[in-house]
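Please open the model in a viewer and keep the selection panel at hand. The stops below proceed from the whole chain to single residues and pairs.

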Amino acid sequence: MSFAKILQLIGIILVLNALYFGIGKDSMKVEVILLFSGGMVFYVGRIVEKKSK
């Protein structure tokens, strides 16, 4: 597995954790932070993937 794919996987996991905190824990602040950080990690993975081709 490439470094870019690992970053994308981590980003997806962070977004899923954001969903859990939003629905299960009713913590909007943690949900937004995790959603933003997961999106950014995923996007960095996409950039790395494009540069490696």
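Begin with the whole protein in a surface representation: its accessible surface comes to about 4100 Å², and 73% of that area belongs to carbon and sulfur atoms. Such areas come from the Shrake-Rupley method with a 1.4 Å probe, and for residues only the protein chains shown count as cover. The model is a predicted one, in which local features need pLDDT of at least 70 and side-chain atom pairs count only at pLDDT 80 or more, while totals for chains, interfaces and linings use all residues. Residues are numbered from 1 along each chain as its sequence is written, and side-chain values use heavy atoms, with hydrogens and water left out.

**The whole chain**

Switch to a cartoon. Two helices and zero strands appear in the protein; helices (H or I, at least four residues) and strands (E, at least two) are DSSP runs, numbered from the N terminus. Along the principal axes, the C-alpha atoms fill a box of roughly 40 × 15 × 10 Å. Colouring by accessibility shows that 19% of the 53 residues count as buried. Here buried means under 20% relative accessible area, exposed over 50%, and partly exposed in between (1.4 Å probe, protein chains only). A contact map offers another view: among contacts between residues at least 6 apart in sequence, 63% join residues at least 24 apart. Contact means heavy atoms within 4.5 Å.

**Helix α1**

Select residues 3–23, which form α1. This helix has 21 residues and reaches 31 Å from its first C-alpha to its last, close to the 30 Å expected at 1.5 Å a residue; the expected span is 1.5 Å times one less than the number of residues. Next, show the side chains of Ala4, Leu7, Gln8, Gly11, Ala18 and Gly22, the buried residues of α1. Viewed down the helix axis, these buried residues fall within an arc of 100°, so they line one face of α1. The arc is that of the directions from the helix axis to the C-beta atoms.

What covers this buried side? The cover includes α2. Rotate to the face turned away from the buried side, where α1 carries the exposed residues Leu16 and Ile23.

**Glutamine 8**

Return to α1 and centre on glutamine 8. Glutamine 8 counts as buried because its relative accessibility is 8%. Not counting residues up to four places away in sequence, glutamine 8 touches Phe42, Gly45, Arg46 and Glu49.

**The loop at aspartate 26**

Move to the loop between α1 (3–23) and α2 (28–52), where aspartate 26 is found. Which unusual backbone angle should be inspected here? Most residues other than glycine have a negative phi. Aspartate 26, although not a glycine, has a positive phi of about 55°. The residue is exposed, with a relative accessible area of 66%.

**Glycine 39 and isoleucine 12**

In helix α2, select glycine 39. At 31% relative accessibility, glycine 39 counts as partly exposed. Add isoleucine 12 and draw a C-alpha to C-alpha distance: glycine 39 and isoleucine 12 are 7.8 Å apart in space and 27 residues apart in sequence.

**The charged network**

Side chains of opposite charge can pair when their charged atoms come close. How many salt bridges are there? The count comes to two, a salt bridge being a side-chain nitrogen of Lys or Arg within 4 Å of a carboxyl oxygen of Asp or Glu. Select Lys5, Arg46 and Glu49, which are linked in a network of salt bridges.

Take the pair of glutamate 49 and lysine 5: their closest N and O atoms are 3.1 Å apart. Glutamate 49 lies in helix α2 and lysine 5 in helix α1, so this pair ties together parts that are 44 residues apart in sequence. Glutamate 49 is buried at 16% relative accessibility, whereas lysine 5 is partly exposed at 37%.

Turn then to the salt bridge of glutamate 49 with arginine 46, where the closest N and O atoms are 3.9 Å apart. Glutamate 49 and arginine 46 are separated by about one helical turn because they stand three residues apart in α2. Arginine 46 is partly exposed, with a relative accessible area of 36%.

Finish by displaying the surroundings of glutamate 49. Leaving aside neighbours within four places in sequence, glutamate 49 is in contact with Ala4, Lys5 and Gln8.
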